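Hello,

Here is the structure I said I would pass on. My notes on it follow below the display.

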Amino acid sequence: MKLLHLLCGALLAMAAGAAAAAPYDPPYEVPAAAAVDEAALRTLLPAGAQLLHGPLLLPFGAHERGWLLALRTAEPAGGVAVWYLMPRPGDAAHWRLLRLRDPEPADAFFDIELRAAFAAGPAGARDLVLLERYTRAAPAGGERHDTARVLRRDGDGVRAVPELQALLDGVADAAEARRRLAPAYERLLPKVTGELAAAFASLPVDVVDLTRLERLQRLQPGHPLYEVYDAANGYLALRGDGGRPGYVAALFRQADGGAVVAVQQRWPEAQRTRFLRRDGDSWSEVTATLLPAWREDDDCTLPRRGRTIACADGRRWAWTGTGFQPAAR
């Protein structure tokens, strides 16, 4: 409420006649070379901008690492922006630039400090937490207020999490913020049973471009993108949405007790299929080893029942427990 009063005062002052904002239009992707280190990242700043916080390496969503930067743009806009840059899955030449906060007209009337920025939440589903302090100097008010933004990956974008932000009103200390958020994060991930669900939730983001939370949510019956999850047979299918692919996955158990997971990204007119095996805490792609002649964009159907992959051109591949063998058509 206190921050609302401060903002109202600033907006009234704007109505009395504030300078027009300068154009602000950062790109939505940058060359990978521009994100290689702190020096390269500084070249992305708009002319006259001042770096307020970072560059800081933090995980976000399913990404293990990315760069966070907070900056104040030059006058007459004079607003505060916060960016997060992360690798683009499947495109080694570019990084995504997510606009976590754009300059706002009222920024010109505040001294805004980003007091802390950190990642919170379970692995593979990290949120970003920004602790901000708004101050208006006397005689305009001489007031200050501490507030927070809790931001979550959502599809190709980012959304705020108001129910978590409300827990941090007036909090200026990162340790206290973490303490208040901990109970919510302990119950964040939906429960889904079965070996395939656990595997699918942990696959690398360049194979499944969804956060761990999004994956488990979509495996809940009743979710609009849920199609099928057959835990007993090790098979799942999820619909795509908004130009993003759907996913089909099948589990092939190995004779030695391990397993191979086949994962398809599916679009209306195309698909991509890869095979992965867990090695300790990480995943290794084994497509070329198991199927040397495999073309990952072939139109093939993963089995829900049985162990045979059927392709549109008539080829069939049967799982033997150690690898795939051509099967009779």
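Asp 298 counts as buried because its relative accessibility is 9%, and the cut-off for buried is under 20%. This acidic residue sits in a loop, with helix H7 (287–290) on one side and strand E16 on the other. Leaving aside residues up to four places away in sequence, Asp 298 touches Gln 271 and Arg 315. Please keep in mind that this is a predicted model, and that the values here are computed from it.

Strand E16 leads on to the disulfide. A search of the whole structure finds one, and it joins Cys 300 to Cys 311, with 2.1 Å from S to S. Cys 300 belongs to strand E16 (residues 300–301), while Cys 311 belongs to strand E17 (residues 308–311). The two cysteines are eleven residues apart, and the pair links distant parts of the chain. The link of Cys 300 and Cys 311 is right-handed, with 95° about the S-S bond. Are these two cysteines buried or exposed? Both Cys 300 and Cys 311 are buried. As general background, a disulfide is a covalent bond between the sulfur atoms of two cysteines.

Another local feature is in strand E2 (residues 50–57), where Pro 55 has its place. The peptide bond that runs from Gly 54 to Pro 55 is cis, and its omega is near 0°.

Now the chain as a whole. How many helices and strands does the chain have? There are seven helices and 19 strands. Computed along nothing but the principal axes, the box filled by the C-alpha atoms is roughly 85 × 40 × 35 Å. The chain has 329 residues, and buried ones make up 47% of them. Among contacts in the chain with a separation of 6 or more, 47% are between residues 24 or more positions apart.

On the surface, the chain exposes about 15,800 Å². Carbon and sulfur atoms supply 52% of that area. As for charge, the chain carries 40 positive and 40 negative charges. The mean position of the positive charges and that of the negative charges are 4 Å apart.

To find your way around, you could begin at Asp 298 in its loop between H7 and E16, go on to Cys 300 in E16 and Cys 311 in E17, and then turn to the cis peptide bond from Gly 54 to Pro 55.

Regards

Conventions: Residues numbered from 1 in each chain as written. Predicted model: local features only at pLDDT ≥ 70, side-chain atom pairs only at ≥ 80, totals over all residues. Heavy atoms only, no water. Disulfide = S-S within 2.5 Å. Helix = DSSP H or I, 4+ residues; strand = E, 2+ residues; numbered from the N terminus. Buried < 20%, exposed > 50% of the residue type's maximum accessible area, 1.4 Å probe, protein only. Contact = heavy atoms within 4.5 Å. Areas by Shrake-Rupley, 256 points an atom, 1.4 Å probe, with all protein chains shown as cover. Lys, Arg positive; Asp, Glu negative; His and termini not counted. Charge placed at Lys NZ, Arg CZ, Asp CG, Glu CD.
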